[in-house]
Amino acid sequence: MTGESPSSSLVGALKALREAKGLSREEVEEKLILGPGWIGRLEEGEIRPSLDFLLAVLDAIGASLGELVAAAGLPDQTTDAPLALDRDLAAEVDGDDLIVTFPYAKHDARYRLPGASIEAFEEVLEAMRDGLAKLSDGSDQDDPGIKRSAVASSFLIAIERWPQVNPSDIWNFVIARAYMDPFNHPAEFSRLDFGQSWKRAGGWALEEILVRKYQKPLAAHGIRIFIADGDEKERLVSRLKVADRLEADKADVFLTATPENDPVCFGIVHVKASFAERRTDDVPMSKALVDAGYFSPLWTMDGKSTPSADPFNRGELGKILDPDKDKDNRSAKRKDIEVDGYFSACFSYNANTAATPEDQDVAARIYVCDFSDVDDDHFVRETVEAWRRFDANATG
């Protein structure tokens, strides 16, 4: 995954050849009927050209492929180290850390992955690649499960190898980027929009990650956490004692417990990578569940960063309440939880999220978690306590 890509040498040589021929960027664009800026972005390494594009530009400036290769001074592959494949996600060693690089809007983004090795990085990528490879053998009906499992397995390896790293950073800057790298997918899918596909696959995978990490510690308390299929979703939702009409397909992960061998659903976990669709998709159901006495937490990576060369994953929940200010400076999304109590609680796996202060009186609390102690973390403790309250109210 390290080593210098030949593309930077090629685009530098292409620029030199154009200038040697006495042509401006605009003149080349005029010849090829290109919109403004294409040659500039090509020469600055901001776009990855297809072979057809590269040959067309060479023809327009009156140069050959042989001239380009010679001008680029590419290494002799019989004697020099292998060239690195130019990928959407790559890493290089920087002391005890890795610098992970990926395209982010118009930027070539760099993220420092502390205490990580190339070997572990490649292990994470291989898990993604090997999982997605099964798409070639599966049917279209199998695709969601294959993608979900590939992403979940890759992430679970990553948090095991890098327990010191912010889980939300791993999710947003490594796993999402690995999924969107076309080279990690079978070649037959090379024309797909993997950014759009990620929104669905990532959502499915987060649900599986939640279940796989917490099913054992919750089972120790007699609680089952699981993803229900369509028919089971309908059955479980129909048995909830809620006045509002609930859409079963909006329910993500279910929580049941077994008093006297009769499973009772006492909660639904709303799983989100970010808050982008939370208001329309989750709030109405969650509010109805909370009002009816059910446990309805939000479980999220709280991922949010602004495109830049050095992105910072600040999340979306914003600042905590400042008691020294007259004006409530909290974001609307934080108020949805702490003031309005639309969710029973919020569990964020972004280390940059600000947790609700312990001494603050709120309708519901925001907790910051990681995966270092899932046997007794905030999510387990609050879920177990929610079941105890629910059971006491049902039998009291």
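Tutor: A residue counts as buried under 20% relative accessible area, as exposed over 50%, and as partly exposed in between. The structure discussed here is a predicted model.

Student: Is Lys333 buried, exposed or partly exposed?
Tutor: The relative accessible area of Lys333 is 22%. Buried means under 20% and exposed over 50%. The value for Lys333 lies in between, so the class is partly exposed.

Student: Which residue does the side chain of Lys333 meet in a salt bridge?
Tutor: The N to O distance of the pair is 2.6 Å, and a salt bridge requires a side-chain nitrogen of Lys or Arg within 4 Å of a carboxyl oxygen of Asp or Glu. The pair links distant parts of the chain, 17 residues apart. Lys333 sits in helix 13 (residues 332-338), and the other residue in the loop between strand 7 (298-300) and helix 13. The partner of Lys333 is Glu316.

Student: Is Glu316 buried or exposed?
Tutor: Glu316 has 14% relative accessibility. Buried means under 20%, so Glu316 counts as buried.

Student: Which residues meet the side chain of Glu338 in salt bridges?
Tutor: One salt bridge of Glu338 has an N to O distance of 3.0 Å, and its partner is Arg330. Another, at 2.8 Å, joins two residues of helix 13 that are four residues apart, about one turn of the helix. The partners are Arg330 and Arg334.

Student: What are the relative accessible areas of Glu338 and Arg334?
Tutor: Both residues lie in helix 13. Each is buried, because the cut-off is under 20% and the values are 2% for Glu338 and 0% for Arg334.

Student: Which residues are joined into one network by salt bridges that share partners?
Tutor: The count of salt bridges comes to 24. Where salt bridges share partners, they join residues into one network, made up of Arg18, Glu19, Arg25, Glu43 and Glu44.

Student: How far apart are the end C-alpha atoms of helix 7, and why does that agree with its length?
Tutor: Helix 7 covers residues 143-161, which is 19 residues. The expected span is 1.5 Å times one less than the number of residues, so helix 7 should span 27 Å. The end C-alpha atoms agree with this, being apart by 27 Å.

Student: Which helices are included in what covers the buried residues of helix 7?
Tutor: The buried residues of helix 7 include Ile146, Ala150, Val151, Phe155 and Ile159. Charged side chains are not absent from the buried set, as Asp143 and Lys147 are among them. The cover includes helix 6 (118-133), helix 8 (167-180) and helix 9 (194-219).

Student: Which elements do the buried residues of helix 6 pack against?
Tutor: With 16 residues, helix 6 should span 22 Å, and its end C-alpha atoms agree at 22 Å apart. Its buried residues include Phe121, Val124, Leu125 and Met128. They pack against strand 1 (90-94), strand 2, helix 7 and helix 8.

Student: Which helix gives the most to the largest nonpolar core?
Tutor: The largest nonpolar core has 87 residues. Among those with the most contacts inside it are Trp162, Trp171 and Tyr214. The helix that gives the most, with 10 residues, is helix 9.

Student: Which residues of helix 6 does Trp162 contact?
Tutor: Neighbours of Trp162 within four places in sequence are left aside. Contacts of Trp162 include Leu113, Ile170 and Val174. Its contacts that are also listed as buried in helix 6 include Ala120, Phe121 and Val124.

Student: How many residues are in the other core, which lies apart?
Tutor: Among its residues are Leu17, Val28, Val57 and Ile61. This core has 19 residues.

Student: Which residues form the nonpolar patch on the surface?
Tutor: Helix 4 (51-61) and helix 5 (65-72) each supply at least two residues of the patch. One of its members in helix 5 has 40% relative accessibility and so counts as partly exposed. Together the residues have about 330 Å² of accessible area, and they are Leu51, Leu55, Leu65 and Val69.

Student: What is the phi of Ile33, and of Ala105?
Tutor: Most residues other than glycine have a negative phi. Ile33 is in the loop between helix 2 (25-32) and helix 3 (38-43) and is exposed at 76%. Ala105 is in the loop between strand 2 (97-104) and strand 3 (107-113) and is exposed at 61%. Phi is positive in each: for Ile33 near 55°, and for Ala105 near 55°.

Notes
Residues are numbered from 1 along each chain as its sequence is written. This is a predicted model: local features need pLDDT of at least 70, side-chain atom pairs count only at pLDDT 80 or more; totals for chains, interfaces and linings use all residues. Side-chain values use heavy atoms; hydrogens and water are left out. Buried means under 20% relative accessible area, exposed over 50%, partly exposed in between (1.4 Å probe, protein chains only). Patches are made of residues with over 30% relative accessible area and no salt bridge: like charges are joined within 9 Å, nonpolar side chains (Val, Leu, Ile, Met, Phe, Trp, Tyr) within 5 Å. Accessible areas come from the Shrake-Rupley method with a 1.4 Å probe; for residues, only the protein chains shown count as cover. Contact means heavy atoms within 4.5 Å. A nonpolar core is a set of buried Ala, Val, Leu, Ile, Met, Phe, Trp, Tyr and Cys residues joined through side-chain atoms within 4.5 Å.
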